[in-house]
Every structure is written in C-alpha cells, then in structure tokens.
Amino acid sequence: MKYYDLIVSLGDACFVEDALFRCQLTSRKKRMPLDLCRGVLWNKCGHGGLSGKVDLICRDFKDFFKLEDLEIKGPDVGNPKMLWVINKANGMSFRHDFRVGVPIENDYPEVKAKYDEYIHRFYDEITHSDKVLFVYMAQMEGFDNNYLLEQQVRLQHKFPHQTIDLLYIIHDGTYSPTEYKELPLSDHVLRIDANMKYSAKTDMMSVLAGNRELYEGILKRYCTPISFNTESTRTLHYIQCDIASLSRSAHKRLSRLENFMHHNQDEKQEPVRQQRLFLYMVANNPIYFRFKMLHMLLKKWTHFGERRTRYSEQYQRLKCILREAKAYSRLMFKTYLHRSL
C-alpha cells in the first residue's frame with residue numbers, strides 16, 4: 001500500500017470522487033473544486049477535459065465560475081431535480097449545484113461561495129502536504145501518453161515544493177472486465193488501461209459508474225491519513241503498508257523541523273512549550289496514524305490467527321521508527337536550549 005498525504009480527483013466525472021470516498025481516500029467534509037464538475041467542451045478544455053482542469057489549477061481558478069458564462073442545458077439525466085449547466089468559457093459542466101424550477105441567478109451566490117471555499121481548501125491542503133496524488137479516470141479512449149505526461153509536468157511546476165504523482169485509469173474495450181494493464185509513463189505517472197465501461201447492473205447510476213469493482217480494487221492500493229480515521233479500517237487490508245515510504249516521509253518532516261529550529265533560535269519561547277511543539281510535529285507525521293491503528297487492532301482484536309504475527313511485526317517496526325523520531329526531536333530540543341543559553 002502506498003501512502004500519500006493528499007489524494008485529489010481530476011475527474012473525468014463525479015464517479016471518481018465517489019470512488020475515492022468509498023475507498024476512504026477522501027472526505028466529503030473536505031470537497032475539492034473539481035470533484036463534481038466535468039469537461040464537456042473539448043475544444044476549450046482538451047480531450048476528456050483533462051488539460052482544461054489542469055489549466056484552471058495552474059491559473060488559480062481565475063474566472064472559473066462567472067455567472068455570465070453559465071448556460072442551462074436542461075434537467076440532468078441522472079437527477080431530474082437538478083439542472084445541467086455548462087460554463088461556455090472553460091468547457092466545464094455542473095450537474096449537482098443548480099435546482100430545477102429555481103432561476104439560476106437565485107442559486108448562484110450560494111453556489112459561488114461554496115466553490116470559493118472548495119478552491120481555498122484545495123490550495124491550503126496541497127500547501128500542507130508533501131506527497132500528492134491526482135487521480136483521473138475516464139470511460140473514453142484516445143489519450144496520448146505525451147498528453148498525459150504533460151499534465152504532471154504542469155502540476156509539478158505549479159507546486160514545486162510537493163511531490164506530484166498522477167494515476168490515470170483509461171478505458172480500453174479490448175480488455176475483459178477483470179483485466180487491466182499497467183503502463184508506468186515516468187517515475188510520477190502511472191497509466192492503467194482497463195475496461196472502464198463494464199457494468200454488471202443495468203440501472204442508470206451503475207452504468208454511469210462503470211466497472212466499479214475493478215477500479216476501486218486498484219484505488220485500495222493507496223492510503224491517506226483519512227484511511228486511518230474511519231471505522232472501515234477494521235477490515236485489515238488497509239493496514240498493510242510501505243513502511244520504508246512512511247519512514248522517508250517522517251525523516252523529511254523532521255528535516256523541516258530542524259530548519260524551523262535553525263531559523264527560530266533567537267526567539268524567546270518557554271522551553272516546555274517549545275518541546276511540546278516539537279513532539280507534536282513528530283507525532284503528526286503519517287507513521288503515527290498507522291501506529292495508532294495497529295495498536296488498537298492488536299489490543300482489541302485477538303482473532304487474527306496467522307495474520308497477528310505479521311501485524312505485530314509491523315507494529316514493532318513502526319514503534320522503533322517513532323521512538324527514533326522522538327529521540328531525534330528531544331536531541332534537537334536540547335541543542336536548541338544549549339545554543340540559546
């Protein structure tokens with residue numbers, strides 16, 4: 001399982017956000033601006049709407065939601081109580097925001113305020129993250145590899161202080177419903193070709209969601225801090241982890257902490273308060289979420305059988321990493337006091 005501080009949906013449509021939520025990778029209390037919109041005017045937003053969404057991110061969503069650019073196309077097919085609205089300027093469509101029977105001008109102020117909040121949260125969450133994964137899934141074909149690589153380069157340039165990875169899951173009708181092919185395009189871009197349109201059920205929502213069992217199985221390889229704060233983590237497949245990756249993330253955060261100390265040597269702060277701050281920053285690294293969850297599982301559930309040994313080993317390894325991190329922090333604190341005195 002690969003850890004990211006933040007996972008963000010790029011679409012193609014709202015079924016991607018729903019899949020991330022179902023896999024406990026995102027929270028609906030922290031929606032992002034591109035979760036529920038789709039690029040439909042490809043002459044303005046690129047193939048599948050992908051480059052248009054990246055362009056919005058790179059331009060800080062400037063003129064993203066102007067009232068004069070919105071055009072009503074009629075009731076939404078999936079939800080007749082909501083309107084299908086298109087932004088003629090950037091090619092995005094909105095199907096979850098404006099109500100049927102209510103003038104769009106009446107709903108606009110509330111919807112605009114909602115998206116402004118989403119945009120602010122988007123940049124704030126990325127700023128406070130080290131590793132970010134953008135996920136794009138499409139039920140269409142025709143995506144060129146260079147086109148997909150270009151979007152990662154643009155996003156990495158926009159966020160130079162973060163590690164930006166992209167996961168593309170693209171439709172290919174030549175595969176069976178259970179088969180897929182992984183194509184690593186670079187160290188930071190993974191393309192997976194799969195039969196995304198397959199649906200065992202025939203109702204409207206299932207058809208729109210496509211091959212949910214396959215792509216949710218792929219998404220469960222990943223985890224975020226949200227993954228360790230939900231009841232569903234009691235199903236143990238979320239606990240398996242890449243400890244080396246978490247260890248690197250912890251050392252990166254400790255390095256930032258050391259820089260923080262270096263630049264704040266002249267500040268006269270209460271030593272105990274300073275120490276608590278250091279230990280708090282150490283405790284809030286990604287390892288801590290995993291450590292707490294393993295501790296809870298091993299303490300409260302004893303019916304693991306053979307699995308218990310494996311999870312006990314992971315727990316002990318994480319415990320050693322945390323112990324080293326806290327010891328490193330205390331050493332830094334003593335050094336800070338010595339320099340200050």
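Which helix is Arg-154 found in?

1. Arg-154 is found in helix α5 of what is, it should be said at the outset, a predicted model. Its relative accessible area is 22%, and because buried means under 20%, Arg-154 counts as partly exposed. Leaving aside residues up to four places away in sequence, Arg-154 touches Ser-51, Val-54, Asp-55 and Cys-58. Ile-164 lies 10 residues from Arg-154 along the chain, and the C-alpha atoms of the two are separated by 9.9 Å.

2. The length of α5 can be checked with a short piece of reasoning. Since each residue should add 1.5 Å, the 14 residues of α5 are expected to span 20 Å, and this agrees with the 20 Å that separates its end C-alpha atoms. At the N-terminal end, α5 is capped by Asp-144, of which a side-chain oxygen lies 3.0 Å from the backbone nitrogen of Asn-146.

3. Which residues of α5 are buried? They are Tyr-147, Leu-148, Gln-151, Gln-152 and Leu-155, and because they cover an arc of only 145° around the axis, they sit on the same side of α5. On the other side of this helix, Asn-146, Val-153 and His-157 are exposed. The elements against which the buried residues of α5 pack are α3, β7, β8 and β10 (189–194).

4. The largest nonpolar core has 46 residues, and the members that touch the most others are Ile-57, Phe-122 and Phe-134. Among the elements that give two or more residues to this core are α3 (50–58), β7 (131–138), α5 (145–158) and β8 (163–171), while α4 gives the most, with nine residues. Ile-57, when residues up to four places away in sequence are not counted, touches Leu-10, Leu-34, Phe-122, Tyr-123, Phe-134, Leu-155, Lys-158 and Phe-159. There is also a second, separate core of 24 residues, which includes Ala-19, Leu-133, Met-137 and Met-196.

5. Strand β2 is also worth following in the structure. In a regular strand, the side chains alternate between the two faces of the sheet. For β2 both faces are covered, with Leu-6 and Val-8 buried on one side and Ile-7 and Ser-9 buried on the other. This strand pairs with β7 in the parallel sense over four bridges, and Ile-7 stands opposite Leu-133 in β7. Leu-133 has already appeared above, as one of the residues of the second core.

Notes: Residues numbered from 1 in each chain as written. Predicted model: local features only at pLDDT ≥ 70, side-chain atom pairs only at ≥ 80, totals over all residues. Heavy atoms only, no water. Core = buried A, V, L, I, M, F, W, Y, C linked by side-chain atoms within 4.5 Å. Buried < 20%, exposed > 50% of the residue type's maximum accessible area, 1.4 Å probe, protein only. Contact = heavy atoms within 4.5 Å. Expected span 1.5 Å × (residues − 1). Arc of directions from axis to C-beta. Polar contact = N/O pair within 3.5 Å; in protein donor to acceptor, adjacent residues only side chain to side chain. Pairing = 2+ DSSP bridges.
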